[in-house]
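Here is a short tour of one chain, written to be read with the model open beside you. We start with the whole fold and then visit a helix pair and two residues.

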Amino acid sequence: MDPQSQPTHSATSNRPIPHLALLIPMLAAIVAITPLAIDMYLPAMATLAQSFHTDITTVQQSLSLYLGGYALGMLCFGPLADRIGRRPMVIMGLTGFMLISLLIGLAQEVEVFLVLRFLQAFIGAAATVVVPGYIKEVYGDNTAKGMSYVSLIMMLAPLLAPSIGSLILELGEWHLIFFIQSAYALLLLFLVLILLKMPSDKDLNTRSQKSFLGAYATVFSRPGVKLNIASGVLTSFAFFCYLTASPFVYMEVFSLDKSLFAILFSINVGALMLANIINTRIVSRYGSLRMLHVSTFFGTIAGVGLLTVNLLDMSYHFTVLMLIPLMGSLGIMSVNADAIVLMKFKQETGTATAVIGTLRFGFGALAGPLLAVFYNGTAVPFSALMLGAVLLVGICQFNRPKHQRQPKDTANN
């Protein structure tokens with residue numbers, strides 16, 4: 001299914017759905033509020049510290065608070081979306097994100113700023129946690145294809161956000177960054193109210209009747225889910241290892257300047273985008289499980305190569321050459337592992353998304369401390385941790401029971 005093609009019905013209903021050329025970019029834009037909120041204000045860290053008459057380490061705490069608020073929000077709103085529907089969550093999430101972003105821009109004290117950043121993330125999670133469920137509704141057995149389209153579009157957000165933040169600072173004060181975030185959410189809310197009308201919004205059969213804890217018990221007890229959740233979490237851990245270590249590796253270990261680092265970082269983002277394009281083209285033919293297995297195999301080869309070139313203390317060119325296929329493999333591993341999990345559910349997709357997202361952020365946060373523990377002034381620790389994560393994905397996938405090796409939409413709630 002091409003993203004510009006128009007399906008007449010969803011995977012679970014005979015009611016029409018919006019045109020995919022509008023729907024997929026809109027869903028991607030909703031998910032993108034998170035990387036935009038995280039990355040747009042990074043260039044303003046020093047300015048914020050000066051404005052609030054505090055040190056930059058205090059302002060940096062807002063990043064951890066945002067991640068914590070987002071994880072907690074997903075845990076709260078995932079099961080709620082399964083009970084009352086996705087559309088109310090999107091409207092509430094975007095409305096809250098819009099209003100709180102406006103208040104952040106008006107904040108005069110750092111304590112108020114920190115609290116509002118936590119609330120911005122918490123309420124924003126209500127909008128983003130439902131997006132994978134909408135994708136599954138549209139694409140059904142080809143959920144990984146839809147998720148690749150969304151990932152492909154939203155990857156532009158973290159790539160462009162710091163540059164956008166820097167440009168905004170050239171035009172005005174830091175307050176303008178959050179006013180623009182508020183305007184972005186308002187525009188999305190307007191589009192959602194007009195365009196986002198899906199069959200599941202009126203189909204009560206798609207709603208879960210389980211309690212908050214019961215929904216989570218259902219997710220963790222469903223056969224074939226835990227190993228794929230673990231695979232996605234380990235993939236996310238490898239991503240965070242790269243994000244955390246890449247500035248040090250390129251600029252300290254290999255003594256590259258900031259401009260070359262930015263180019264190499266963009267190349268790796270390009271590898272992720274290319275991998276998602278490839279996945280959209282062939283996942284329908286081969287299936288998510290086979291794509292996950294094949295990408296894990298190639299990711300392992302690239303990971304071994306990455307560790308080898310750094311153990312041999314080779315030039316940065318070889319690290320770059322190994323990272324390109326490794327990052328591409330991680331991109332395919334990530335979307336297919338998540339898609340396999342979502343295909344197991346009909347009524348608990350929000351809860352499943354909350355589990356995936358919270359564990360990804362939680363384990364991803366371990367990357368920094370672990371890299372610090374194994375720090376030796378070289379690129380070996382980050383190479384070893386990335387390879388270790390990929391190897392653990394392989395163990396999860398290839399040691400599963402035979403009856404769980406065929407991905408099926410077993411949404412038999």
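The chain has 18 helices and zero strands, where helices (H or I, at least four residues) and strands (E, at least two) are DSSP runs numbered from the N terminus. This is a predicted model, so local features need pLDDT of at least 70 and side-chain atom pairs count only at pLDDT 80 or more, while totals for chains, interfaces and linings use all residues. Residues are numbered from 1 along each chain as its sequence is written, and side-chain values use heavy atoms, with hydrogens and water left out.

**The chain as a whole**

Of the 413 residues in the chain, 55% are buried, meaning under 20% relative accessible area with a 1.4 Å probe, protein chains only. The accessible surface comes to about 17,300 Å², and carbon and sulfur atoms account for 69% of that; such areas come from the Shrake-Rupley method with a 1.4 Å probe. Contacts (heavy atoms within 4.5 Å) often span the sequence: among those between residues at least 6 apart, 82% join residues at least 24 apart.

**Helices α4 and α16**

Two packed helices are described by the angle between their axes and the distance between the axes. For α4 (residues 56-84) and α16, the axes come within 7 Å and cross at roughly 165°; axes are lines fitted to C-alpha atoms over the stretch in contact, with angles from 0 to 180 degrees between N-to-C directions. The two helices are therefore roughly antiparallel, the term for angles over 145 degrees. From α4, the contact draws on L67, Y70, A71, M74, L75, G78, P79 and D82, and from α16 on T349, G350, T351, T353, A354, G357, T358 and F361. These residues divide into eight nonpolar, seven polar and one charged.

**Two buried residues**

T351 is found in helix α16 (residues 349-364), whereas W174 lies in the loop between α9 (156-171) and α10 (175-195).

| Residue | Relative accessible area |
|---|---|
| T351 | 0% |
| W174 | 1% |

What does T351 contact, leaving aside its neighbours within four places in sequence? Its partners are G78, P79, D82, A215, Y216 and V219. G78, P79 and D82 also belong to the α4 side of the helix contact.

With the same neighbours left aside, W174 is in contact with A44, T47, L48, S51, F52, I104, G105, A107, F113 and L169. One of these partners, A44, is 130 residues away along the chain, yet the C-alpha atoms of W174 and A44 are separated by 6.2 Å.

How values were computed. Buried means under 20% relative accessible area, exposed over 50%, partly exposed in between (1.4 Å probe, protein chains only). Angles under 35 degrees count as roughly parallel, over 145 as roughly antiparallel, 65 to 115 as roughly perpendicular and the rest as oblique. Ala, Val, Leu, Ile, Met, Phe, Trp, Tyr, Cys and Pro count as nonpolar, Asp, Glu, Lys and Arg as charged, and the others, Gly among them, as polar.
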